[in-house]
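Please open the model in your viewer and keep the selection panel at hand. The stops below follow one another, each beginning with something to select.

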Amino acid sequence: MRLSRFFLPVSKDTPADATIVSHQLMLRTGMIRQNGAGIYSWLPLGYRVLKKVEQVVREEMDRAGAIEMLMPTIQQADLWRESGRYEAYGKEMLRIVDRHDRDMLFGPTNEEMITDIFRAYVKSYKQLPLNLYHIQWKFRDEIRPRFGVMRGREFLMKDAYSFDATEADARRAYYRMFCAYLNTFARMGLTAIPMAADTGPIGGDLSHEFIILAETGESAVFCDRALLDIPAPGAGLDWAGDLEDEMHKRTQFYAATEEKHDEAAFEAIPEERRIAARGIEVGHIFYFGTKYSKAMNAVVMDESGNEVPVQMGSYGVGVSRLLGAIIEASHDEAGIIWPASVAPFGVGLVSLRVGDAAVSQACEAAYAALEAAGLEPLYDDRDERPGAKFATMDLIGLPFQLIIGPKGIEKGVVEVKVRATGERFEAPLEEAIARIRSIPA
RNA sequence: CGGAGCGUGGCGCAGUCUGGUAGCGCACCUGGUUUGGGACCAGGGGGUCGCAGGUUCGAAUCCUGCCGCUCCGACCA
């Protein structure tokens, strides 16, 4: 992409309405524009990142055996009357009436709808296990939306739903999602802490929240520091196997949100390992058994020919919220520092002398080479002073800047700056690209 | 919903207390000089002061009502 042809409305001034750094930076970089309380447009730069984050989530869900689909944003009230949640959900549900006076709603989540789909087609334990997910916009009429995309009223969520014939199988499905979540967040450069959590209005008896430590987080966090040092399980897991051990590696250590906090257990941790902090909830998983299958008559035949209500779990990731969480975890005075896995562009190509034929020619060659290498360059070909270009590249947080000017051309090299470390090096173009590709995210 | 605050060109703000017909910085446009870390000079365009009533010779400024947004609390991906 050439910057002169892109839509990148960056601003030097910090917007007055934003109080936390991720919100400020998302507005300053022109990633989002507010259209109302908790409602945002995703401008081109922000939308690119949103899609990158979504793709990481998708890949890790697929790896864990979940199957993607798409359910609508608008749902029928009658479905929710079956589970009893049409009345129970309260004012957070945005209710609407269509032209025929039918009660509809803008979906805050999809347990009822997926259960309805399941019961229409699945009749036998032989069709299980099954895990269906979608990545879809949700609406919750929050009492107080705040902090930009952290608590929007309209937000993008990945929600997965597992179906199993037995409780033991359902727990295995839960463990798989548990591991998939750790891998997902790790790929975005985040250390997510799984915490014992309340199940909330969704119900059930096994639930974890995944929290990213951040001072501006909305959740109180109490945990053992040891949790921060356990690496994510990684892609090489035996996803068909029993992953309970993987889960217990973490759950052996104390970690709880405020509702589940046990002060005595917390104080049993050696003092230097106690963390009492704040965090951002980026994922929440539930095993809730037959809560919906019983209410909505979603049954399958088991091995002995008995009809049993299907065992279910649900698994959410706040996709749009993750952008805020990543920025909170990864920024400096100059701006955002994107992990390469979700960066809107891979390399910022900076021309130091726009009118100069030799420089322009070298930039065009570098641009083509970066494109060919799959590095998704953003070429700053504007007639601006270099300082302004560097500041823009730093602000929008591209992992690398590839800088081309007359001095480098004399020496036959380009300069590369690594955003995260500030490290710089000079090398001939091909070598520079090879080194960029070899530097891990 | 309770408490606090804000609404003035695209953005950040001053002006409001003490009414006299709107200003600054950034951004934008034109010309010129510049160009290795957010340039400089000169000229220029852009605002029904959130909306509606009212008071007044006169309202951004005072009064009433409404709308919108932000922050603190209860809720959640």
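Begin by selecting RNA strand B together with its surroundings: 54 residues surround the strand, the closest being Ala16, Gly318, Gly387, Gly405 and Lys407, where a residue is near a molecule or strand if its C-beta atom, placed from the backbone, lies within 6 Å of it. This is a predicted model, in which local features need pLDDT of at least 70 and side-chain atom pairs count only at pLDDT 80 or more, while totals for chains, interfaces and linings use all residues. Residues are numbered from 1 along each chain as its sequence is written, and chains are lettered from A and ligands numbered from 1 in the order in which they are written.

Colour this surface by class, and you should find 20 nonpolar, 16 polar and 18 charged residues; Ala, Val, Leu, Ile, Met, Phe, Trp, Tyr, Cys and Pro count as nonpolar, Asp, Glu, Lys and Arg as charged, and the others, Gly among them, as polar.

Which helix gives the most to the surface near RNA strand B? Select H12 (386-396), which gives the most, with eight residues. Other elements that each supply at least two residues include strands S8 (154-164), S13 (274-289) and S16 (311-318) and helix H10 (319-329); helices (H or I, at least four residues) and strands (E, at least two) are DSSP runs, numbered from the N terminus.

Next select S16, where eight of the eight residues are buried, so that the strand is largely enclosed by the rest of the structure; buried means that 20 or more other C-beta atoms, placed from the backbone, lie within 10 Å of the residue's own. Gln311, Gly313, Tyr315 and Val317 cover one side, and Met312, Ser314, Gly316 and Gly318 the other.

Add S8, which pairs with S16 in the antiparallel sense over eight bridges, pairing being called if DSSP finds at least two bridges between two strands. Here Phe163 stands opposite Met312 and Ser162 opposite Gly313. S8 is itself mostly covered, with eleven of its eleven residues buried. Strand S7 (residues 130-139) runs antiparallel to S8, joined by ten bridges, and His134 stands opposite Asp159. Now show S13, which pairs with S16 in the antiparallel sense over six bridges, Phe286 having Ser314 as its bridge partner.

Finally, select helix H2 (residues 44-63) with H10: Val49, Leu50, Val53, Glu54 and Val57 in H2 meet Val319, Ser320, Leu322 and Leu323 in H10, contact requiring C-beta atoms, placed from the backbone, within 7 Å. The residues of this contact divide into seven nonpolar, one polar and one charged.

Notes
Two residues are in contact if their C-beta atoms, placed from the backbone, lie within 7 Å. A residue is buried if 20 or more other C-beta atoms lie within 10 Å of its own, exposed if 12 or fewer, and partly exposed in between; C-beta atoms are placed from the backbone.
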